[in-house]
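I opened this entry to record what I looked up in the structure, beginning with the overall fold and ending with the charged side chains.

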Amino acid sequence: ILLLFMLDLSAQPPGYGYKRLITVDATQVMGGSPLSNFPVMVRFMGATADPDLQTSINGGHVENANGYDIIFTSDEAGTVLLDHQIEYYDGAAGEYVAWVRIPSLSHLTDTDFYMWYGNCAVSTDPSTTSVWNANYDAVYFLHDDFLDATSNNRDGTNNGSTDLSPALIGDGQRFGVNDYVQIPSSSISLTQGTVSIWAYAASFSGTEQYIYGHTSNPSGFSDRLQIYTDDGAGGLDLGFGNNHNLEQGFYTLNTGEWYYITLTWDASDVFVYVNGNLE
């Protein structure tokens, strides 16, 4: 989703010295009806890092070293706060990533909201798990930690992976042979669900390289939910139910590229999307 930014130094709520208008381009919103309680990512990283978002000690306008005095509202007067969750902040570089819950996101008209900062009185983290509604079982940012960003507390356990900084959005994890992050599976069902992952391959081998894998019985490998490659050439395979090779080589990944891969299913059908396209 494309976000447009504009600096505005007019009226602000008490204590905040700066604000920005953020506009979500309606043409970037898919669907035939407004999206409800949609988490929008606000990202200033790398080439888009902003000197204004550096801490004041570094010449910027953010007062808290953790970026806690950055907030969001739906109105220009700054009276209607929007839930948000900080994913990453570097006050020396002016880098910031947060997820903001937008109550209604239209595909017909642009959606405006406001980013406020520059309040020396703020010292507590404004992040809230309510950014992710009850339909989210778990969200993992993988900033060298494996905490669930939702209120469900389905934290993961690392087995060998190491920090990758930078990755695509913020940090990520680098996985070698036999490295993985294990997450709780109590809420996973073959009846209905969706798993979405950003993935990047440095190389491919002729053995299984799992992007995501689940079985309810490891010794028998039943109740599969698997996205993986195993041909040494990046051919994407799907395992589902009790069928390991349900579909093979239906899409070819390249090395050195980020891919957004989504597996979604219900009781009768299973679909895989790569970068938003049904494959």
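**Burial and surface.** I began with burial in this predicted model: 39% of the 279 residues of the chain count as buried. I then noted the accessible surface, which comes to about 14200 Å². Carbon and sulfur atoms account for 50% of that surface.

**Overall form.** Which secondary structure does the chain contain? I counted 19 strands and zero helices. I next looked up the extent of the C-alpha trace, which spans about 60 × 40 × 30 Å along its principal axes. The radius of gyration is 21 Å, and I compared this value with the one near 19 Å for a compact globule of 279 residues; the two agree. I also looked at contacts between residues at least 6 apart in sequence, and 56% of these join residues at least 24 apart.

**Charges.** I tallied 33 negative side chains against 7 positive ones. The centres of the two sets lie 3 Å apart. Side chains of opposite charge can pair when their charged atoms come close, so I searched for such pairs next. How many salt bridges does the whole structure hold? The search finds five, and I followed up three of them below.

**Arginine 20.** I found a salt bridge between the side chains of arginine 20 and aspartate 50, with an N to O distance of 2.4 Å. This pair links distant parts of the chain, 30 residues apart: arginine 20 is in strand S2 (residues 18-24), and aspartate 50 is in the loop between strand S3 (35-44) and strand S4 (71-73). Are these two residues buried or exposed? Arginine 20 counts as buried because its relative accessibility is 7%, under the 20% limit. Aspartate 50 is also buried, with a relative accessible area of 12%.

I recorded a further partner, aspartate 52, whose salt bridge with arginine 20 has its closest N and O atoms 3.3 Å apart. Aspartate 52 also lies in the loop between S3 and S4, 32 residues from arginine 20 in strand S2. I therefore entered Arg20, Asp50 and Asp52 as linked in a network of salt bridges.

**Aspartate 83.** My last lookup was the salt bridge between aspartate 83 and arginine 101, in which the closest N and O atoms are 2.9 Å apart. Aspartate 83 lies in the loop between S4 and strand S5 (84-90), and arginine 101 in strand S6 (residues 95-105), so the pair ties together parts 18 residues apart in sequence. I noted aspartate 83 as partly exposed, at 22% relative accessibility.

Methods: Residues numbered from 1 in each chain as written. Predicted model: local features only at pLDDT ≥ 70, side-chain atom pairs only at ≥ 80, totals over all residues. Heavy atoms only, no water. Helix = DSSP H or I, 4+ residues; strand = E, 2+ residues; numbered from the N terminus. Rg over C-alpha atoms; globule rule 2.2 N^0.38 Å. Buried < 20%, exposed > 50% of the residue type's maximum accessible area, 1.4 Å probe, protein only. Contact = heavy atoms within 4.5 Å. Areas by Shrake-Rupley, 256 points an atom, 1.4 Å probe, with all protein chains shown as cover. Lys, Arg positive; Asp, Glu negative; His and termini not counted. Charge placed at Lys NZ, Arg CZ, Asp CG, Glu CD. Salt bridge = Lys/Arg side-chain N within 4 Å of Asp/Glu carboxyl O.
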